[in-house]
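User: I am new to this structure and would like a close look at one part of it. Please take the aromatic side chains and what surrounds them.

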Amino acid sequence: MPLVSVILPAYNAERYIGEAIQSVLAQTLADWELIIVDDGSTDRTAEIVRRFEDPRIRYVYQENRGPYPARNRGIELAASRHIAFLDADDLFLPQKLAWQIEALEKEPEAGLVAGGHHVIDSEGRLLATFRPWTTFPSLDVITWLFACPVWLQHILIKRDWLERVGGFDNWNYTGDYDLLLRLAHAGCKMVWLREIVFCYRLHEANSIRQVSKVIEGRRQVLEKFYNRPDLDQKILDLRPQVFREFHFHAALWAYFGAEYEMGAEHIALFLAGQKWTPPAMRLLAIRLGENVCHLGMPSEILIDAIWAHLPPEAAPLRPFRKLARAGAARRLFFEAQQRQDRAAMRTMFWQVLKNAPQLLDRGMFVLLAKAHVPIL
């Protein structure tokens, strides 16, 4: 029995699947099996997979049914107690499986461990880094109602938890969110591994670019959850806030996908029914700036697109575009510090200074000094 079963669904994945397989072969943990479920590919996917003669790699073919049925098939075939998921266009980092097995061994009551990710472009160049534990310290059901802090590629999960909740039963664009929310509600303890574990590749065919389908899928998941008969009153009372926060994230995705009318609509719905004082608008601008940093697009470009397409209801937000830019730059400063990129630290420091110097704090100066970054 292998220690980990890695499940990789593939559909017409000839462009990147070789690199994805190589990233599993490069794992420092050698005790794994890789189950590739070819979901009806008509390109060279099968040919490329068969070039890899490692006996730990298993290839199965099925008629096209979609990625979530393919993942369920992989779970059925898996021989391990631990399951990891990889998409055919993404990459595991070499210590992903070893680190996550070790984390579960240290906390045996946990059912799932999650890490962070890099965003890379089609050629593998680094675009951004996402350390979700800095924003979401807890992975309980309340966190999952308000956000989707990790995806399948982030996690290693004990197989019995997948079986307990019935695997994937929502096959739209947000089936992963549906599964993870159900796991949290069922009591699966989720813990952080504060390490970057995979690379998410941003390219023209990503499913997240199906903006309207992703947003509608997220709404359907929340509606489905709130139709459960077993919710306690605390969760029921959160429903208005949960759906308001849904509109915030939907607006960001819509703007990212250049669906500007949709983005403006969701911003208006997020603002509706609330009293927005100037201090609150300033905080909202900073929050918008911080949240655009991990979408794989230069933050200033995306912020400018948002401000150019704000709805009338968001008019009080218009004076604070520079504050949003500074919020993004400050977040990127700390990301640069984490990866010890001295040039980026200096650039982001000056971006904060140029746009909203009031966001500079002593901690930033201390980090610059420790990294021996000259300000001038």
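Is Phe-225 buried or exposed, and what is its relative accessible area?

Analyst: The model is predicted. In it, Phe-225 has a relative accessible area of 4% and is buried. Buried here means under 20% relative accessible area, so a value of 4% places Phe-225 in that class.

The wider setting comes next. The count of aromatic pairs comes to 15. One of them joins Phe-225 and Tyr-226, whose ring centres are 5.7 Å apart. Their planes meet at 85°, so this pair is edge-to-face. Tyr-226 is also buried, at 7% relative accessible area.

Another pair is made by Phe-248 and Phe-270, and this one is tilted, with 55° between the planes and 5.3 Å from centre to centre. Phe-248 belongs to helix α10 (residues 239–256) and Phe-270 to helix α11 (residues 260–271), so the pair ties together parts that are 22 residues apart in sequence. Phe-248 counts as buried at 0% relative accessibility, and Phe-270 counts as buried at 3%.

Phe-248 has a charged partner too: the charged end of Arg-287 sits over its ring, 3.8 Å from the centre. A similar arrangement involves Trp-161, where the charged end of Arg-164 sits over the ring, 3.8 Å from its centre.

Aromatic residues also gather in a cluster made of Tyr-68, Phe-85 and Phe-168. Phe-85 leads on to Phe-92, since the two are in contact. Phe-92 lies in strand β5 and is buried, with a relative accessible area of 3%. Leaving aside neighbours within four places in sequence, its contacts include Val-6, Leu-86, Leu-97, Gln-153, Val-197 and Phe-198. Between the C-alpha atoms of Phe-92 and Lys-158, 66 residues apart along the chain, the separation is 18 Å.

Phe-92 is in contact with Ser-23 and Val-24 as well. Both of these are among the buried residues of helix α1 (residues 17–25), which also include Ile-17, Gly-18, Ala-20 and Ile-21. Strand β5 (91–92) is one of the elements that cover the buried residues of α1. Others among them are β1 (4–10), β2 (32–39), α2 (45–49) and β3 (57–62).

Strand β1 holds Ser-5, a polar residue to set beside the aromatic ones. Ser-5 is buried at 0% relative accessible area. Its side chain makes a polar contact of 2.5 Å with the side chain of Glu-33, and also reaches the backbone nitrogen of Ser-80 at 3.1 Å.

Technical notes:
Residues numbered from 1 in each chain as written. Predicted model: local features only at pLDDT ≥ 70, side-chain atom pairs only at ≥ 80, totals over all residues. Heavy atoms only, no water. Buried < 20%, exposed > 50% of the residue type's maximum accessible area, 1.4 Å probe, protein only. Helix = DSSP H or I, 4+ residues; strand = E, 2+ residues; numbered from the N terminus. Contact = heavy atoms within 4.5 Å. Polar contact = N/O pair within 3.5 Å; in protein donor to acceptor, adjacent residues only side chain to side chain. Phe/Tyr/Trp six-rings, centres within 6.5 Å; stacked < 30°, edge-to-face > 60°. Lys NZ or Arg CZ within 6 Å of the ring centre and 35° of its normal.
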